[in-house]
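Visitor: I am new to this structure and would like a close look at a single part of it. Could you choose one helix and take me through its surroundings with some care?

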Amino acid sequence: MKKLSILFLLVFTLVGCAQSPSEEPTTTYFFIRHAEKDLSDPSNKNPKLTQEGKTRAQEWAKTLAETKVDLVFSTNYSRTLQTAEPIAKSQGIETLLYDPRNLNDSNFQQKTKGKTCVIVGHSNTTPSFVNKIIGKEKYSSIDEKDYSKLYIINITGNTITDTVLTIN
């Protein structure tokens, strides 16, 4: 099942990015929630990843390895930065910080236009960010125990396509 999902991901990305030189550039966003976090200390507001989470972060990097990623974004929390790090490292780029309170502002749109980007967020901010970009309330918060969602958005001109995959 995982191989089928990855094949779909790659085909979806390639189809979304295929364009003639006269067309507008395609912007592709891959949104993921941070991997499994350490819940052993309920008072810790900035937990790190568990070993399972570190393994999942490595798997995200492997899943996206065949895709040329231009930018990787993360919120400024240990769990999101640790999830983004293997992706950015495998692509030879730095992780950029974003503020989840300022989603899809004009600076973000300008910086990412025509690029392929990975955005690592949280169970509530990831679907909100996706909804903001697609211009409708389509996706709700991710269940606290679910770390497997991959949201993919392609934008070419005024055409926006979106899908969500579950990759375990």
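Guide: Before we start, one term is needed: two residues are in contact when they have heavy atoms within 4.5 Å of each other. Please also keep in mind that this is a predicted model.

The chain as a whole sets the scene, with 5 helices and 6 strands, which run from the N terminus in the order α-β-α-β-α-β-α-β-α-β-β. Of its 168 residues, 46% count as buried, a word that here stands for a relative accessible area under 20%. Among the contacts in the chain with a separation of 6 or more, 65% are made by residues 24 or more positions apart.

The part I would choose is helix α2, residues 51–63, which has 13 residues and reaches 18 Å from its first C-alpha to its last, close to the 18 Å expected at 1.5 Å a residue. Its buried residues are Gly53, Arg56, Ala57, Trp60, Ala61 and Thr63. These residues lie on the same side of α2, because they cover an arc of only 165 degrees around the axis. In general, an α-helix has 3.6 residues a turn, so residues three or four places apart point the same way. On the face of α2 turned away from the buried side are the exposed residues Gln51, Glu52 and Lys62.

Helix α2 also has a partner in helix α3, residues 78–91, and the axes of the two come within 8 Å and cross at roughly 35 degrees, in a crossing that is right-handed. On the α2 side of this contact stand Lys54, Ala57, Gln58, Trp60 and Ala61, and they meet Gln82, Thr83, Pro86, Ile87 and Ser90 of α3. Sorted by kind, the residues of this contact divide into 5 nonpolar, 4 polar and 1 charged. Ala57, Trp60 and Ala61 thus appear both in the list of buried residues of α2 and in the list of those that meet α3.

For a second view of burial, turn to helix α5, residues 125–134, which is mostly covered, with 8 of its 10 residues buried. Among these are Phe129, Val130, Ile133 and Ile134, and the buried residues of α5 pack against strands β1, β4, β5 and β6 as well as helix α4. Just after α5 comes Gly135, whose phi is positive, near 80 degrees.

How values were computed
Residues are numbered from 1 along each chain as its sequence is written. This is a predicted model: local features need pLDDT of at least 70, side-chain atom pairs count only at pLDDT 80 or more; totals for chains, interfaces and linings use all residues. Side-chain values use heavy atoms; hydrogens and water are left out. Axes are lines fitted to C-alpha atoms, for helices over the stretch in contact, and angles run from 0 to 180 degrees between N-to-C directions. Helices (H or I, at least four residues) and strands (E, at least two) are DSSP runs, numbered from the N terminus. A crossing is left-handed if the near helix is turned anticlockwise from the far one by less than a right angle, and right-handed if clockwise. Ala, Val, Leu, Ile, Met, Phe, Trp, Tyr, Cys and Pro count as nonpolar, Asp, Glu, Lys and Arg as charged, and the others, Gly among them, as polar. The expected span of a helix is 1.5 Å times one less than its number of residues. Buried means under 20% relative accessible area, exposed over 50%, partly exposed in between (1.4 Å probe, protein chains only). The arc is that of the directions from the helix axis to the C-beta atoms.
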